[in-house]
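Hi,

Here is the structure I promised to pass on. Have a look at it first, and then read my notes below.

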Amino acid sequence: MQNYTVEEYALCARLKSKRKKKRLVKEDFEKHLIQLRKLEKKLWEKRRDLPLVPLEIPYQKGWQRNFILREDVARSSESSFYKSLLEKINTWQFSSEKSFKRKKKRKRRNVYTEKLQTVKEFSEWEWRSPKLELTEKEKAHFYKRERWCSNFKRYKIHYVFNEPWRYVLRVSPYMITHTKLVDSDLESEIQLLDNRITNLNLRHKINKLVDGFSHRWSYYESENPKEKNPIKNKSLEVLYQQYLDEMI
């Protein structure tokens, strides 16, 4: 009678080898992680799709600033054209101060400078995109401009509106009139799932498996990893004083 090894016998008898069992356990665990991400995403979408509820008493939360037609342009025969264009290139800014000034440090002193606001500019990719809502007549009011981009260390092309004087800024109160509906059962389900992922340290594995990389500190973790070292960013005098206090 011929002698068979364990692997050969398992292959002939259609039994799972030790290596295959470990691989199946790993694949099953990875499928479970994928299902957790899908469930989490589904719960987030449910919370996002909750309707808005009007407030009984609206309240003001700072100020908003956007562009409107200048008075002489609004009275002209082309007011409808520039009004339609403004709906596509208008921008909004929000601030707690009506002056829309921000604090900036210059020569070790804090000075307040006004925030710059312009109508929307289009990148080269947006300009060539078929999703661009501008008509050919509206495109004729833009010109191509090269601007140095410090992030990419090169010049990038932008398409800028050539008649910004037709619009002026308007500052108005930013009123909160609606609030998001809160579903307590849904929030409880989201919190339970988040606690499960956090307590079992599954966030990093899910990100690695689904996204191919992990952004645990930048998005999911509220604790700064630099603060985990108790002696980091402490002078020798402070550390020595702590040592003396512990010895007393």
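**Hairpins, sheets and a charged patch**

Lys107 has a positive phi near 55 degrees, and it sits in the hairpin of strand 3 and strand 4, where two residues lie between the strands. Before you go further, keep in mind that this is a predicted model.

Staying with that hairpin: strand 3 (residues 101–106) and strand 4 (residues 109–114) run antiparallel and are joined by six bridges. If you want a pair to click on, Lys104 has Val111 in strand 4 as its bridge partner.

There is another hairpin further along, made by strand 6 and strand 7. This one has four residues between the strands, and Lys153 in the turn takes a positive phi of about 60 degrees. Strand 6 (residues 142–149) pairs with strand 7 over eight bridges, in the antiparallel sense. Two pairs to look up here are Arg147, which stands opposite Lys156 in strand 7, and Cys149, which stands opposite Arg154 in strand 7.

Strand 7 (residues 154–161) also pairs with strand 5 (residues 122–123), again antiparallel, through two bridges. Phe122 has Tyr159 in strand 7 as its bridge partner. Put together, that gives an open sheet of three strands in the order 5-7-6, with antiparallel pairing. Strand 5 and strand 6 are the edge strands, each pairing on one side only.

Now for the other sheet I wanted to show you. It is open too, with three antiparallel strands in the order 2-1-8. Strand 2 (92–95) and strand 8 (167–180) are at its edges and have a single partner strand each, so one side of each is left without a neighbour in the sheet. On average, neighbouring strands in this sheet are turned by 40 degrees against each other, direction ignored. Strand 1 (residues 52–69) and strand 8 run antiparallel, with 12 bridges joining them. One of the pairs to check is Phe67, whose bridge partner in strand 8 is Leu169.

Last item, away from the strands: which residues form a positive surface patch? They are Lys16, Arg19, Lys20, Lys21 and Arg23. Of these, Lys16 is placed in the loop between helix 1 (6–12) and helix 2 (18–48).

That's what I have for now. Shout if anything looks odd on your screen.

Cheers

Key:
Residues numbered from 1 in each chain as written. Predicted model: local features only at pLDDT ≥ 70, side-chain atom pairs only at ≥ 80, totals over all residues. Heavy atoms only, no water. Patch = residues over 30% accessible without salt bridge, like charges linked within 9 Å, V, L, I, M, F, W, Y side chains within 5 Å. Areas by Shrake-Rupley, 256 points an atom, 1.4 Å probe, with all protein chains shown as cover. Salt bridge = Lys/Arg side-chain N within 4 Å of Asp/Glu carboxyl O. Lys, Arg positive; Asp, Glu negative; His and termini not counted. Charge placed at Lys NZ, Arg CZ, Asp CG, Glu CD. Pairing = 2+ DSSP bridges. Axes fitted to C-alpha atoms, helices over the stretch in contact; angles between N-to-C directions.
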